[in-house]
Structure formats: C-alpha cells, structure tokens
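User: I would like to learn how to read charge pairs in a protein model. Could you walk me through it?

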Amino acid sequence: MKQVVTFGEIMMRLSPPLNYRFAQASGFEITYGGGDANVGASLAGLGVPAAHVTCFPSNDLGHAAAQQFRALGVTMDATVYEGDRLGLYFLEVGAGMRPSKVVYDRANSAFANLDPAKFNWDEILKDAGWLHWTGITPAISASTAEATRQAIAAARRLGLTVSADVNYRRNLWQYGQSAQRVMSELVQGCDVVVCSENDAEDLFGIVPEPGKDNKFVSVARQVMARFPQIKQVITTRRNTHSASHNGLKGIYYDGQQFLETVTHEINPIVDRIGGGDAFMAGFIYGSLAYEHPQQALNFGVAASALKHTIHGDINLVTVAEVEEIMKGNTSGRLVR
C-alpha cells in the first residue's frame, strides 16, 4: 500500500480521570489528538503506511506531541516547528443521561499561525497514494485554509485519491471568510467525502428533494452533481440512547448504489471522541484492502464501534479485531 498523508492540527487533550466533572478534578490525564491526525494514527495501527503533516511550537510540548505519534508508527518528517503554543482541549466524559463536554483552548496556536510556504507539498506527497483532510483545518485560519488548498492542488497534480470529512464546526470560522465559499472550493478536489445531510445544508445549501424517501441519497446525488470529482459520499447514523449507549451504522452512495451496514449497539461507551476519525480510517483501509465498497463500509463502522471502547482520541485496534466485529463476534468474551 502507498502512504496515506493527513494534514491538520494536533492538540493536547486534558481529561479528568474516570467520569469526574471538571469541578471535581485535581489533575488531568494527558493525551494528544486531532481529527486528521487520528485518521493517520489509526491507519498506522492497521498496517497502512501513514504520515501526518502539521505545525508545532518548537518547545517541549510540541516535541512531546510529535513523539507520541511517532510511537504509534506515524511518519512526522514534514512537521514544521515554529510559533508559540500548542492548542489544548479539555474533555469531561459523560455517563448515562449526562453528556460529555469539550472546552477548546486553541486560539493563536502554532498551527493557526503557520506559514503555508513552509510546506513543499510536491515533495511531501511524491510517494503517497492518498491525502486526507477535514473541514476543521481550513476553519482555523486563512493560512491553514491556504495550506489545505495547496495540498489538495498538489495531490490532484500527482494523481492521489483525496478524501475529506467536511466536519462543519460553526464556531471555528472566525477569520472573515465564509465556510460556504472556502469549503466549496476545497471539496471540488475530493474523490471521497464524509458529509451528512446537515453538513450539506450548512456548507452547500443542499437539502433533500421533496418527496424523496431516502434523504441521504437525494443529498449525496446533488453533492456529486455540484462537485463532479466526488465519487463516493459516506457518513454514519448514530442513535444516541444515552452518553453511555449508542447505536451506529454507516451509509454510502456512489451515484449508482446505496449501501448501509448493520447497526452496532455500543454499550457501555468508554470514549466516543475520535469515533468519526476511526470510521474514516477504517473506510480508507477497507477501500485499499477489499474489492467491494460494502466491505470497506462494514470495516469502517466496525472500526468506529471498537473505538468507542478505547480511551483517548486514537483507535488502537488491529485488522483482525475489526474483522471479528464484522463477523458479528461482539460478545466481548475473554480471549485466552
């Protein structure tokens, strides 16, 4: 398999232990993660060569974050070290009827202030086969949006597959450019997108056509008509019974066929952060390893379901473990 390259911010995550609330915390557990980087780290764990591109402050925290991802098998050779601070986010893990909460502290991070000229994308992508990004990255600042645009343009020149989780975060778009304009330009260069009906409406003004029973297919068809490069639209469906119990399935449309998976009941949830990234990583792996998109979709959702049982942002699972879930082996019986 050729290398998969991801691009985006990595933050330090600070969480109270167990299910403590922020007000109860006397200390925090430290992990690292970011929507795009989580995909790369998950792929590395599945045996796919993965590299992540980012900007860290040139201090001990930036180097510690890079080392964490290197330890997971992710190549970090294109990392730029400059700027003053590492972005942070604080997670309070919910339970039962109490939802989890996230507080971000990422303003003026090194990544937000990166210089797009520091990334030689033709060199970075020369041995790669796939580029993945998320809508979080161009939402952070004008410079991160420009770097994303340059990465996609280089990937197209070099013939890579390009994927994006459009991942609309309304509160991030604060630098004077509209998400609708920026994302429409960037998505034009994508082959695969994760895009729900809500994202399609918020970003592209696309809504289900009247009288259509399958609203996802209606929206996906319109997305593909507006952005002809897109060949596959995928997303997940989540039934939230409580913070500790969700049902999850995947859906897919490629202009010809609509596919869906079984619903995985996840109970109890240990940590749902990174579940969408695990789905994307699983779908990329499945697209590279299997012949049929149904298998890729099944693998993606099974991988995401397993991620909900693992602390931290990153899906620390093997191909064999995911394939057991795909076979329906979900009893959690002790393996000796």
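Analyst: Happy to; we start with the overall fold and then turn to the salt bridges. Keep in mind that this is a predicted model.

User: Which helix and strand counts does the protein chain have, and what radius of gyration goes with its 336 residues?

Analyst: The protein chain holds 11 helices and 15 strands. Its radius of gyration is 19 Å, which agrees with the value near 20 Å for a compact globule of 336 residues. Of those residues, 54% count as buried.

User: How should I think about salt bridges, and how many are there?

Analyst: Side chains of opposite charge can pair when their charged atoms come close. Here the count comes to 16 salt bridges. One of them joins Glu92 and Arg21, at 3.0 Å from N to O. Glu92 sits in strand β7 and Arg21 in the loop between β2 and β3, so the pair ties together parts 71 residues apart in sequence.

User: Is Glu92 buried or exposed, and what about Arg21?

Analyst: Glu92 is buried, with a relative accessible area of 2%, while Arg21 counts as partly exposed at 32%.

User: Where do Arg237 and Glu197 lie?

Analyst: These two form a salt bridge, their closest N and O atoms being 2.4 Å apart. Arg237 belongs to strand β12 and Glu197 to helix α7, so the pair ties together parts 40 residues apart in sequence. Arg237 is partly exposed at 29% relative accessibility, and Glu197 is buried at 16%.

User: Which residues are joined into one network by shared partners?

Analyst: Arg13, Asp271 and Asp313 are, through salt bridges that share partners.

Terms used. Residues are numbered from 1 along each chain as its sequence is written. This is a predicted model: local features need pLDDT of at least 70, side-chain atom pairs count only at pLDDT 80 or more; totals for chains, interfaces and linings use all residues. Side-chain values use heavy atoms; hydrogens and water are left out. Helices (H or I, at least four residues) and strands (E, at least two) are DSSP runs, numbered from the N terminus. The radius of gyration is taken over C-alpha atoms; the globule rule is 2.2 Å times the number of residues to the power 0.38. Buried means under 20% relative accessible area, exposed over 50%, partly exposed in between (1.4 Å probe, protein chains only). A salt bridge is a side-chain nitrogen of Lys or Arg within 4 Å of a carboxyl oxygen of Asp or Glu.
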